[in-house]
Amino acid sequence: MAYRVEYNGEDYELATLDAALQAARQAIADDIRRLDGWTVDHDDTINDWFVQAVLDGRRVGPTAVVYGPDPVAGGPVPRTRAAVYEEWERRVIFVGDTPAEAFALAADWLERRPGIEAIGDVGWHHTADGHQLRLYYRG
């Protein structure tokens, strides 16, 4: 069961998902140089992962794609054409004097919004304003 990573015309094959995701992150970090974190989205229907850098709360730079084994047959999914994946995610930032305060604000905010479908990613930053917790969500 091999995983294939494609990024900026480069192609890597690795034995495990963890190694493939790490290779994708490293390729992006080598290219972007300045970033705060990562987003990793998984498409269950084709069993692929999409990795992108996050800087100042926004997705930046090209996306690395980790192709997984075919979820039905167990072999690699054949790729016949390029595709564009665009998702709408919203961001909310909670700033607290302590990490606990930022998390408490986020928990209270989420509790009052039952219509949120999914949390896409979480970012954590310590800034001059305090401890920032960033949630990326769809809803």
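I take contact to mean heavy atoms within 4.5 Å, and I read angles between N-to-C directions, from 0 to 180 degrees. With that settled, I looked up helix α1 (residues 17–32), which lies across β1, β2, β3, β4 and β5 (58–67) and runs at about 145° to β5. I note here that the model is predicted.

**Entry: overall make-up**

I listed the elements of the protein chain and got 2 helices and 8 strands. From the N terminus on, I read their order as β-β-α-β-β-β-β-α-β-β. The chain has 139 residues, and 35% of them count as buried. I then looked at contacts with a separation of 6 or more: residues 24 or more positions apart account for 45% of these. The accessible surface comes to about 8,700 Å², and carbon and sulfur atoms hold 50% of that.

**Entry: the sheet of 5 strands**

I traced an open sheet of 5 strands with antiparallel pairing, in the order β2-β1-β5-β4-β3. Its edge strands are β2 and β3 (37–43), each of which pairs on one side only. I also looked up the twist: on average, neighbouring strands of this sheet are turned by 25° against each other, with direction ignored.

At one end of the order I checked β1 (residues 3–7) and β2 (residues 10–14), which pair in the antiparallel sense over 5 bridges. The hairpin of these two strands has 2 residues between them, and Asn8 takes a positive phi near 50° there. For Arg4 I found Glu13 in β2 as the bridge partner.

At the other end I checked β3 against β4 (residues 48–55); the two run antiparallel and are joined by 7 bridges. Asp41 stands opposite Phe50 in β4.

**Entry: the sheet of 3 strands**

I found an open sheet of 3 strands in the order β6-β8-β7, with antiparallel pairing. The edge strands are β6 and β7 (118–127), each pairing on one side only. Neighbouring strands here are turned by 20° against each other on average, direction ignored. Between β7 and β8 (residues 130–138), which run antiparallel, I recorded 9 bridges. Thr127 stands opposite Gly130 in β8.

I then looked up Arg90, whose place is in strand β6 (residues 90–96). Leaving out residues up to four places away in sequence, Arg90 touches Leu135, Tyr136 and Tyr137. Its C-alpha atom is separated by 9.1 Å from that of Gly120, 30 residues apart along the chain. Arg90 counts as partly exposed because its relative accessibility is 46%.

**Entry: salt bridges**

How many salt bridges does the structure hold? I get 4.

I started with the side chains of Arg112 and Asp108, which meet in a salt bridge at 3.4 Å, N to O. Arg112 counts as exposed at 52% relative accessibility, whereas Asp108 counts as partly exposed at 40%. Elsewhere, salt bridges that share partners join Arg4, Glu6 and Asp11 into one network.

Within that network I looked up the side chains of Asp11 and Arg4, which meet at 3.5 Å, N to O. Arg4 is partly exposed, with a relative accessible area of 22%. Asp11, which lies in strand β2, is partly exposed too, at 46%. Not counting residues up to four places away in sequence, Asp11 touches Arg4, Val5 and Glu6. I also took the separation of the C-alpha atoms of Asp11 and Val66, 55 residues apart along the chain, and got 9.8 Å.

Next I went to Arg59 and Asp41, whose side chains meet in a salt bridge at 2.9 Å, N to O. This pair links distant parts of the chain, with Arg59 in strand β5 and Asp41 in strand β3, 18 residues apart. Is Asp41 buried or exposed? Asp41 counts as buried, because its relative accessibility is 12% and the cut-off for buried is under 20%. Arg59 is partly exposed, with a relative accessible area of 33%.

**Entry: a surface patch**

Last, I looked for nonpolar side chains on the surface. Leu110, Ile119 and Val122 form a nonpolar patch there, with about 220 Å² of accessible area together. Leu110 lies in helix α2 (residues 99–111). At 31% relative accessibility, Leu110 counts as partly exposed; patch members need over 30%, so Leu110 meets that cut-off.

Key: Residues numbered from 1 in each chain as written. Predicted model: local features only at pLDDT ≥ 70, side-chain atom pairs only at ≥ 80, totals over all residues. Heavy atoms only, no water. Pairing = 2+ DSSP bridges. Helix = DSSP H or I, 4+ residues; strand = E, 2+ residues; numbered from the N terminus. Patch = residues over 30% accessible without salt bridge, like charges linked within 9 Å, V, L, I, M, F, W, Y side chains within 5 Å. Areas by Shrake-Rupley, 256 points an atom, 1.4 Å probe, with all protein chains shown as cover. Buried < 20%, exposed > 50% of the residue type's maximum accessible area, 1.4 Å probe, protein only.
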